[in-house]
Amino acid sequence: MQLVKQLLPLLLPLGLLLPPALSLLPPPLPPSRSSSLSAVGKKASYSIALLEGDGIGPEISAATVSVLETVATAAGFGLSFTPALIGGAAIDAVQDPYPPATHAACEAADSILLACIGGYKWDSNPRDMRPETGLLAMRSRLGLFANLRPAKVLPQLIEASTLKREVVEGVDIMVVRELTGDVYFGEPKGIDVIDGERVGYNNMIYKESEIKRIARVAGNVASKRTGKLCSVDKANVLDVSQLWKDVTTDIMEEEFPAVDLSHMYVDNAAMQLIRWPKQFDTIVTGNIFGDILSDEASMLVGSLGMLPSASIGEPGGPGVFEPCHGSAPDIAGENKANPLAMILSAAMMLKYDLGRDEEAKMIEDAVEAVLDGGFRTADIKSDGDGCELLGCKEMGDKVSEMITSMVKA
Ligand code: IPM
Ligand code: MG
């Protein structure tokens with residue numbers, strides 16, 4: 001039940017997931033079995049670990065921090081940001097993509113706001129010196145096993161999707177991705193020379209306990225939405241997927257009898273997401289399939305630049321709130337990036353980790369109002385849409401101005 005209360009704030013950014021009136025009462029879970037975001041609750045001031053990362057990270061972080069500061073000033077609470085290095089920036093500075101100082105800053109913080117990591121510059125580094133390794137280390141060491149990625153098509157942005165209006169209009173999907181297991185972390189792994197040639201291998205592996213805990217998060221999330229849950233696997237080929245399917249089925253039958261569970265093979269799911277995405281509500285899947293399908297689902301919305309995400313673990317530690325998109329090195333430093341996904345991630349952070357629902361709503365409302373006002377960054381602007389093109393900083397400023405004028409009104 002605690003999970004239900006704690007996940008609730010996550011479910012309403014931009015009205016992303018469900019109307020507040022919907023019943024929020026899934027079957028009770030023994031507390032020890034549940035997993036949740038770990039709110040610190042309402043305080044007079046908060047410490048945020050700010051991980052700007054690489055590429056467009058510093059620009060979208062600056063825009064997001066200024067929006068957060070506007071909100072904090074308006075609402076009369078304090079925010080302190082502790083910058084910490086991750087990814088390529090950390091490799092350049094201290095030869096470690098997730099330095100001990102960053103881990104310490106994350107553990108000490110009330111919550112963690114992350115921009116994005118990666119870039120061509122580090123792509124051919126040895127694996128332990130790649131930005132992605134830092135992100136994976138952070139997820140693993142902070143125990144963030146559940147990643148929630150909502151993809152809701154906003155009416156203002158339908159034209160920004162590459163798909164037909166009738167296909168995407170009304171799409172509202174939540175991908176619940178397992179984040180600390182699977183082929184991402186499985187052992188053994190490596191590249192060895194066997195019989196005179198190089199052989200590369202990873203291990204797609206899930207323990208029953210890992211499947212159970214993500215299935216419970218998905219059961220709770222689905223219960224609070226339409227009750228429809230699709231578990232995606234490759235059980236026609238993979239043993240690990242057969243276990244995934246069996247365990248997920250058992251958990252739903254035993255603990256979430258009201259959830260309408262279906263199963264789909266991942267290749268079919270990839271196709272169905274494009275063919276008729278409205279058939280999906282909540283999707284639960286493993287780390288690698290979730291990585292791929294969440295990118296795909298996000299494009300239904302028109303741009304990865306709009307989508308926030310939350311990564312959560314067992315109670316007791318801060319969550320990580322970050323946009324779903326990457327570091328876009330091709331436009332880094334050009335003031336062209338869309339900061340809205342990170343701004344909306346900050347709203348999720350306020351709601352969940354910081355107990356500041358009202359202030360989160362201010363941000364969400366301001367973002368909607370800015371879109372309604374016809375302001376767009378390049379990624380969500382279509383030719384002839386009559387909208388005004390804004391840079392990253394200007395988009396952040398617009399959201400801040402909107403918040404200030406909403407507070408005065
Ligand atoms: C994501 C990203 C990461 C992942 C990369 C950057 C390691 O694609 O968050 O989806 O694969 O999980
Ligand atoms: Mg990805």
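Modeller: A pocket is an open set of points on a 1 Å grid over the protein atoms alone, with protein on both sides within 12 Å along at least five of seven lines. This is a predicted model, with local features needing pLDDT of at least 70 and side-chain atom pairs pLDDT 80 or more, while totals use all residues. Residues count from 1 along each chain, chains are lettered from A and ligands numbered from 1 as written, and side-chain values use heavy atoms without hydrogens or water.

Colleague: Which space is the largest pocket?

Modeller: Look at the ligand. The largest pocket is the space taken by ligand 1.

Colleague: Which helix gives the largest share of the shell around ligand 1?

Modeller: The shell (heavy atoms within 4 Å) includes Glu132, Leu135, Arg139 and Tyr184. The largest share is 3 residues, and they come from helix 5.

Colleague: How far is a polar side-chain atom of Arg139 from an oxygen atom of ligand 1?

Modeller: Three arginines offer such atoms to ligand 1. For Arg149 the distance is 2.8 Å, and for Arg177 it is 2.7 Å. For Arg139 it is 2.6 Å.

Colleague: How much of the accessible area of ligand 1 does the protein cover?

Modeller: Alone, ligand 1 has 320 Å² (Shrake-Rupley, 1.4 Å probe) of accessible area. The protein covers 77%.

Colleague: Which residue is the bridge partner of Ile48 in strand 2?

Modeller: Strand 1 (residues 45-53) and strand 2 (residues 78-83) run parallel, joined by 6 bridges. Pairing takes at least two. Opposite Ile48 is Phe81.

Colleague: Is the crossover from strand 1 to strand 2 right-handed or left-handed?

Modeller: The chain passes through helix 2 (residues 57-75) on its way. This β-α-β crossover is right-handed.

Definitions and conventions
Helix = DSSP H or I, 4+ residues; strand = E, 2+ residues; numbered from the N terminus. Right-handed = clockwise from strand over helix to strand, strands pointing away. Polar contact = N/O pair within 3.5 Å; in protein donor to acceptor, adjacent residues only side chain to side chain. 1 Å grid on protein atoms, 1.4 Å probe; cavity = no way out; pocket = protein on both sides within 12 Å on 5 of 7 lines; lining within 4 Å. Sits in = over half its atoms within 2 Å of the grid points.
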